[in-house]
Every structure is written in C-alpha cells, then in structure tokens.
Amino acid sequence: MKIATWNVNSIKVRLGAVCEWIEKERPDALLLQEIKTTTDAFPRFEIESLGYRCAVLGQRAYNGVAILSPHPIEDVMEGLPGEPADDHARYLEASIGGVRVASIYLPNGNPADSEKYPYKLRWMARLRERVETLLADDVTFVLGGDYNVIPEPRDAYDPAAWVDDALFKLDTRRAWRSIVNLGLTDAFRALEPTATHAYTFWDYQAGAWQRDLGIRIDHLLLSPDAADRLIGCQIDKGPRGAPKASDHTPIWCELSDKVPAGRFA
DNA sequence: ATGGTTGTTGGACAA
C-alpha cells in the first residue's frame, strides 16, 4: 500500500501536475494540503476520471486538505478535535484499506512573535491528543502532511538561519518530539537514517530550488504496526522541477501487505 | 540588511 502526501499550493493551478503524478505513481492514498479552494469548487470530476475518489475539506482562499484514493474512503472525520472555534481547514482523517490516514496542514506559525505561534503550539498539542486516542484504540495509521516542522538541524540547508523561525524554534521541535515519542515512526528517517540534503520544500524566492536550499517539513508518521510494515519511503523531487511547480514536492511510503502475527516478512 | 516569488484576490495577507 502506497501512501503519498503533497502540499500542492492551489489545486486549481496544480491540477495538471497532480493528475500526471497520480497516473504515473498510482498511490493507494494521496494526501493533499493547501488546495486553497472550497469543497464545492474542488475539481472532483477530473480526479474521478482517473478512477480516484475524493474526500475534501476545503475553505475559501487558504488552507484546505483532501484525501484521494482508488479505493473506498470510509469513516471520514473533518477537523482536529479540541478547539471548536478553530475554523481552519487543516485536518482530514479517513480509513482506506484498513489503514487510518490523515491529511495534515499544520499551522506555519510565523511570525513567531505573533498570536500565530501559540496557535501552532496549541494545534500540535491537539494533534498529540488525537495520536494518543488512535494509539489507545490500537488503530493502524499513517499521518501525512505538511507539518511545518524541521525536526533536526540536518533537515535544513542552513539550520542557523532557522533558529528563530516558527518551523524550527525549540518549542516547535519539543512539541514534534513529544508526538513522535508516543511511539510513532518518521518513515523517511527510519529508512534513510543518514541522509542529508533530503528536502521536501524549496522557497520560490532567491533561486532556492536551483541552489538546493531546502528544508524537510513534509512527513509521514506511522503507528507502530504500520512501521512494522514499512518497506519504502521516497521524496520525489520530480514535480518540484517542473514549470509552475508547487514549492513542495511529494513524499510517499510503501507498506507491505499485512503480515500474520508472529511472523516477519 | 534588503529583497527576492507565488497564489488568492482584487489590497493585502499568507507562506
């Protein structure tokens, strides 16, 4: 089972690129962020023409997440519990082929001295609570998305330049670790323990892509039993080099079919 | 230090 995540920075501008990528990679689940449109305006027809179904949580102009799959998308949950007044479209969860998946667009949090940063930290605390619930219920899950978190210095081209940024501040990394330390696996780091210059985002400005000045902020976090099935994880830099690209590129992981209890593949 | 870019939207705001 192949599960991918991609911050597309507008599904309307990126529809062609997304359709191409789906046809080439045929993911069992594609988690999208920053679709930047309402649920009604999502280009459902074009996606369904590829044999994919869509679960969408949209919003006008900003944010917006979706889950696409060629399989039935069941038990969809819209929004992250814990702050009823929060109307940002940033979290969508559903079950596909016996795996619970979430498409996550975690708040950026900049400027870090504004009210946006505490909102980010509260959101991460809510995510932690959601993870605790899923673990307590023994759910097999893959939580993918744009976490807007640089987990470690080696995940940035120039970590010193990021120390005061909401994506890398100490409290952000603490909150990230407090989630991962519940027992989750960062799919990319698990399979690429020594990789450097492995990025998923390159700013549009100052030739960041051409100079490979990137950061790794798009992640796939796996439950323990999903991690036991992890057999592949790759950042696909292809789409970032295309004309009219998103500033993010897709990352995917592959889970083996369920292994019988007591056996190892 | 500043400015550099893209998207939504129709002047900023978000990233």
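In strand β6, Leu92 is the bridge partner of Glu78. Helices (H or I, at least four residues) and strands (E, at least two) are DSSP runs, numbered from the N terminus, and two strands pair if DSSP finds at least two bridges between them. The model is predicted, so that local features need pLDDT of at least 70 and side-chain atom pairs count only at pLDDT 80 or more, while totals for chains, interfaces and linings use all residues. Residues are numbered from 1 along each chain as its sequence is written, chains are lettered from A and ligands numbered from 1 in the order in which they are written, and side-chain values use heavy atoms, with hydrogens and water left out.

The bridge between Glu78 and Leu92 belongs to the antiparallel pairing of β5 with β6, which extends over 3 bridges. On to the next strand, β6 (residues 91–96) pairs with β7 (residues 99–105), also in the antiparallel sense, over 6 bridges. Within this pairing Tyr91 faces Ile104 of β7, and Ala94 is opposite Val101 of β7. The hairpin of β6 and β7 has 2 residues between the strands, and Gly97 adopts a positive phi near 55 degrees there.

These strands form part of an open sheet of 6 strands, ordered β5-β6-β7-β8-β12-β9, in which the pairing is mixed. The edges are occupied by β5 (74–78) and β9 (185–186); each has a single partner strand, so one side of each lacks a neighbour in the sheet. In general, the strands of a sheet pair through backbone hydrogen bonds, either parallel or antiparallel.

How many of the residues of β6 are buried? The strand is mostly covered, with 6 of its 6 residues buried, where buried means under 20% relative accessible area, exposed over 50%, and partly exposed in between (1.4 Å probe, protein chains only). Tyr91, Glu93 and Ser95 point to one side of β6, Leu92, Ala94 and Ile96 point to the other, and all are buried.

Strand β4 (residues 65–69) can be read in a similar manner. Because 5 of its 5 residues are buried, β4 is largely enclosed by the rest of the structure. One face carries Val65, Ile67 and Ser69 and the other Ala66 and Leu68, all of them buried. Strand β4 runs antiparallel to β2, to which 4 bridges join it, and it also pairs in the antiparallel sense with β3 (residues 53–57) over 5 bridges. Leu68 of β4 stands opposite Leu30 and opposite Cys54.

Ile67 of β4 also appears in the largest nonpolar core, which has 30 residues. A nonpolar core is a set of buried Ala, Val, Leu, Ile, Met, Phe, Trp, Tyr and Cys residues joined through side-chain atoms within 4.5 Å. The members that touch the most others are Ile3, Ile67, Val142, Leu220, Leu222, Cys253 and Leu255. Contact here means heavy atoms within 4.5 Å. Residues up to four places away in sequence being left out, Leu255 touches Met1, Ile3, Val99, Val142, Leu222, Ala226, Arg229, Leu230 and Ile231.

Which residues come nearest to DNA strand B? Of the 16 residues around the strand, they are Ser10, Arg14, Lys116, Gln205 and Lys244; a residue is near a molecule or strand if one of its heavy atoms lies within 4 Å of it. The residues of this surface comprise 6 nonpolar, 4 polar and 6 charged, with Ala, Val, Leu, Ile, Met, Phe, Trp, Tyr, Cys and Pro counted as nonpolar, Asp, Glu, Lys and Arg as charged, and the others, Gly among them, as polar. On the DNA side, 70% of the strand B atoms within 4 Å of the protein belong to sugar or phosphate, and the rest to bases. A side-chain N or O atom of Arg14 is 3.0 Å from a phosphate oxygen of DNA strand B, and for the side chain of Arg60 the corresponding distance to a phosphate oxygen is 3.0 Å. Tyr204 instead places a backbone N or O atom 3.5 Å from a sugar or linking oxygen of the strand.

Ser10 lies in the loop between β1 (2–7) and α1 (11–25). Its relative accessible area is 13%, so Ser10 is buried. Beyond its sequence neighbours up to four places away, Ser10 touches Glu34, Ile35 and Lys36.

Thr37 is located in the loop between β2 (29–33) and α2 (44–48), and at 4% relative accessibility this residue counts as buried. The side chains of Thr37 and Lys12 are joined by a polar contact of 3.4 Å; a polar contact is a pair of N or O atoms within 3.5 Å, and within protein one must be able to donate a hydrogen and the other to accept it, with residues adjacent in sequence counting only if both atoms are side-chain atoms. Apart from neighbours within four places in sequence, Thr37 is in contact with Ile11, Lys12, Phe42, Gly58 and Gln59.
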